[in-house]
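Trainee: Please take me through the ligand site in close detail. I would like one connected account.

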Amino acid sequence: MLQRPRRNRRTQAIRDLVHETSLSASDLIYPVFLHADGTDTAIEAMPGQTRWSPQGLLGAAERALEAGIRSIVLFPKIDDAKKDRVGTEASNDEGLIPETLRALKSRFPELTLITDVALDPYSSDGHDGIVSDDGVILNDETIEVLEAQSLAQARAGADIIAPSDMMDGRIGRIRATLDYEGFENVGLLSYTAKYASSFYGPFRGALDSAPKAGDKKTYQMDPRNRIEALRELLLDEAEGADMVMVKPAGPYLDIIREMRDATTLPVAAYQVSGEYLMIEAAAQSGWLDRRAVALESLTGIKRAGADMILTYYAVEAAGWLKESR
Ligand code: PBG
């Protein structure tokens, strides 16, 4: 036999020589939840994850940095009393996110702070955009609020702003506003191909941000579509995105590959709450090896073409990667 592929698999050292995909802590972004409350609360809908108090979040950020995770993305749970139909609280300079950004920046200047732009945590309707009286998600009116939200985040020290709302044209408008206000060095990580997915369920439970009526299918993408992701990509490139994202990750590996092949921009993928929970549930039942499956899922997402991954396993995975070296 001339060809024996197994020769390249004979020892660990040889396998390490020929490996094609590497996963490292510098690829990982840690999504964290926070609330304006003095206690750190275990999130029932997402076992193993915590809704941090502002103080607790500083500790979590410190542990992340120690593990080698240098980027986090912040998701706030907002008190119902502060929600309204137009998400006014989203642009409050003294709101939970801006206050937290300032605290994190002064304590950990080396930590990359990524913020989510969308109205759902702030909207009494639980939608990413403003809902009209007849239930339509208003695109252009929403963008004005998103611009104000982005500015509040930039003023407070956000390094990268990540619009997850899926309104048309928001990347270009937010870019122009940031530049006009002197924030030309704040980056934009666009949720380019964000699908209307059922895998977000646990996240909405964690933030109490589920839509009160209807679903998100008029703005998030149809899971049946692949070519449309390329259309969104072309728009985001033209509008000035610095990085593009595919979300969810695991069930959309083909889209990650498609994007990687079609753009010169870095591609991010978001391993969402439902993907995390499937592994957690199977591991808790003793059906799967938690650590091995979590690392394999992340490796698969990188192999598909992701340059970086948002994952709830970020800090733990960084620890596992250190041990296995
Ligand atoms: C909303 C937002 C969602 C997630 C991140 N930002 C949920 C949604 O679109 O309903 C989901 C993340 C996850 O499931 O882990 N702007």
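Mentor: Here is the ligand site, from its setting to its contacts. This is a predicted model, where local features need pLDDT of at least 70, side-chain atom pairs count only at pLDDT 80 or more, and totals for chains, interfaces and linings use all residues. Residues are numbered from 1 along each chain as its sequence is written, and side-chain values use heavy atoms, with hydrogens and water left out.

The ligand sits in the largest cavity. A cavity is a set of points, on a 1 Å grid over the protein atoms alone, where a 1.4 Å probe fits but cannot get out. To sit there, more than half of the molecule's atoms must lie within 2 Å of the cavity's grid points.

Around the ligand are 18 residues. Each has a heavy atom within 4 Å of the ligand. Ser164, Arg204, Lys247, Ser273 and Tyr312 come nearest. By class, the shell holds eight nonpolar, three polar and seven charged residues. Here Asp, Glu, Lys and Arg count as charged; Ala, Val, Leu, Ile, Met, Phe, Trp, Tyr, Cys and Pro as nonpolar; the others, Gly among them, as polar.

Now the polar contacts, which are pairs of N or O atoms within 3.5 Å. Ser164 has a side-chain N or O atom 2.7 Å from a ligand nitrogen. For Lys247, a polar side-chain atom is 3.3 Å from a nitrogen of the ligand. Tyr312 places a polar side-chain atom 2.6 Å from a ligand oxygen. On its own, the ligand has 410 Å² of accessible area, and the protein covers 100% of that. Accessible areas come from the Shrake-Rupley method with a 1.4 Å probe.

Technical notes
A polar contact is a pair of N or O atoms within 3.5 Å; within protein, one must be able to donate a hydrogen and the other to accept it, and residues adjacent in sequence count only if both atoms are side-chain atoms. On a 1 Å grid over the protein atoms alone, a cavity is a set of points where a 1.4 Å probe fits but cannot get out, and a pocket is an open set with protein on both sides within 12 Å along at least five of seven lines; lining residues have an atom within 4 Å of a point.
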